[in-house]
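Visitor: I should like to examine this structure with you and ask how each descriptive term is justified. May we begin?

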Amino acid sequence: KWGAGDPVVLLHGLTGSLDYWAPFAERLGRSHRVIAVDVPGHGDSDVLDPFSFTEAVRLMGDAVDQIGVERPAVVGHSFGAPLAVTWAAERPVSAMVLASPVGMAPFSLRRARFIMPFHRAIAATERLSAEVPDAAVVMMSVQGEADYLRRSMLAGAREFLVKPFSSDELTSSIRQVSARERDKATRLQVVPVSAGNGTGAG
C-alpha cells in the first residue's frame, strides 16, 4: 500500500506480481491511496484452480474490502485488464484503466498457452459503459489515428492514450479522469427540497 487519498487498485499481468507496480505506485501514491494485489496463483497468493475471473475478483475484492477500500479506481495491465472489467461488473468502482489488455477464456494456470489476443476494446468499452455507467474507461492503444480516438470516445471512453507513454503520463491521465468524474458527480447531486419550500396550489 502507498499514499493516501482516493483509492486505486492495481492488478498485474500473467506471471507477474504486485512488486512490478512499485515504481508506478510510488508516483501515484503522492495523491492517491494505492493498493497493489497479487492475482490468485501469483506472488504470495494461493493458486485458484480452476481459475475464473469472477472467483478471482471475489477473492481480491474481499481482501480489499477488509482494509476499508470502497469504490476504487481499478487499473489492470495485460491479464489484469479482463480482471478489472470483471471487477467493474461485479463491484462498485470509480474508474477503470486497461493497459495493454488481453482477453482470456476461463483456464487452468497450468494451461497458459491458451491465452488469446484481445482486439475488442471498443466493444468492451461500449458494453461496460452500458452496464456500469459510473466506470470511467481510459483507452490505450498503439493506434493513434483520429478515427480510432473518435470511436473510443463514442464508445464511452473518458481518455485516450497512444503507446508508448510514460508512467507520468498514465498517472496524470488517471488523476485527470478521477477529478473530472468527481466534479461530474458533484454537479449531478440532487439537493432535496423540503415540502415547506414549495409553492402549493390552494
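Visitor: In which helix is the place of D62?

Guide: The model before us is predicted, and it places D62 in helix 2, which spans residues 53-66.

Visitor: Why is D62 called partly exposed?

Guide: The relative accessible area of D62 is 27%. A residue is buried under 20% and exposed over 50%; D62 is therefore partly exposed, since 27% lies in between.

Visitor: Which residues does D62 touch, not counting residues up to four places away in sequence?

Guide: D62 touches V57 and R91. Each of these pairs has heavy atoms within 4.5 Å.

Visitor: What is the order of helices and strands along the protein chain?

Guide: Read along the sequence, the pattern is β-α-β-α-β-α-β-β-β-α-β-α-β-α. The protein chain has six helices and eight strands. Of its 202 residues, 44% are buried. Among contacts between residues at least 6 apart in sequence, 59% join residues at least 24 apart.

Visitor: How do you know which parts of the model deserve caution, and what is the mean pLDDT of the protein chain?

Guide: The mean pLDDT is 79, and 79% of the residues reach 70 or more. Among the elements, strand 1 (residues 6-11) has the highest mean, 95, and strand 6 (residues 116-117) the lowest, 34. Over residues 105-119 pLDDT stays under 50, although the model has 24 contacts there beyond four places in sequence. Over residues 198-202 pLDDT also stays under 50, and the model has zero contacts of that range. Where pLDDT is low, the predicted coordinates should not be read in detail.

Visitor: Which residues of helix 5 are buried?

Guide: In helix 5 (residues 146-155), Y148, S152 and A155 are buried.

Visitor: What puts these buried residues on the same side of helix 5?

Guide: They cover an arc of only 65 degrees around the axis, and therefore lie on the same side of helix 5. On the other side of helix 5, A146 and L154 are exposed. Just after helix 5, G156 takes a positive phi of about 120 degrees.

Visitor: Where is A157, and why does A157 count as buried?

Guide: A157 is in strand 8, residues 157-162. Its relative accessibility is 6%. Because buried means under 20%, A157 meets the criterion. Not counting residues up to four places away in sequence, A157 touches T125, V137, M139 and S152. One of these, T125, is 32 residues apart from A157 along the chain, yet their C-alpha atoms are separated by 6.7 Å. Another, S152, is one of the buried residues of helix 5.

Visitor: Why does S173 count as buried?

Guide: S173 has 5% relative accessibility. That value is under the 20% limit, so S173 counts as buried. S173 is found in helix 6 (residues 167-188). Not counting residues up to four places away in sequence, S173 touches E159 and L161.

Visitor: How many cavities of 30 Å³ or more does a search of the whole structure find?

Guide: The search finds one. About 30 Å³ of space lies in the largest cavity. A cavity is a set of points where a 1.4 Å probe fits but cannot get out.

Visitor: Which residues line the largest cavity?

Guide: The lining consists of A73, A95, V97, V138, I174, V177 and S178. Helix 6 provides the largest share, three residues. Strand 4 (95-99) and helix 6 each supply at least two. By class, six of the lining residues are nonpolar, one is polar and none is charged.

Visitor: What is the volume of the second largest pocket?

Guide: The volume is about 290 Å³. This pocket is lined by 14 residues, and the closest to its centre are R71, S94, E181, R182 and A185. Strand 1 and helix 6 are the elements that give two or more residues to this lining. Helix 6 gives the most, with six residues.

Visitor: How many residues of each class are in the lining of the second largest pocket?

Guide: Five are nonpolar, two polar and seven charged. The lining of the largest cavity, by contrast, has no charged residues.

How values were computed. Residues numbered from 1 in each chain as written. Predicted model: local features only at pLDDT ≥ 70, side-chain atom pairs only at ≥ 80, totals over all residues. Heavy atoms only, no water. pLDDT = per-residue confidence, 0-100. Helix = DSSP H or I, 4+ residues; strand = E, 2+ residues; numbered from the N terminus. Buried < 20%, exposed > 50% of the residue type's maximum accessible area, 1.4 Å probe, protein only. Arc of directions from axis to C-beta. 1 Å grid on protein atoms, 1.4 Å probe; cavity = no way out; pocket = protein on both sides within 12 Å on 5 of 7 lines; lining within 4 Å. Points joined across faces, edges and corners; volume = space filled by probe spheres on them. Nonpolar A, V, L, I, M, F, W, Y, C, P; charged D, E, K, R; others polar.
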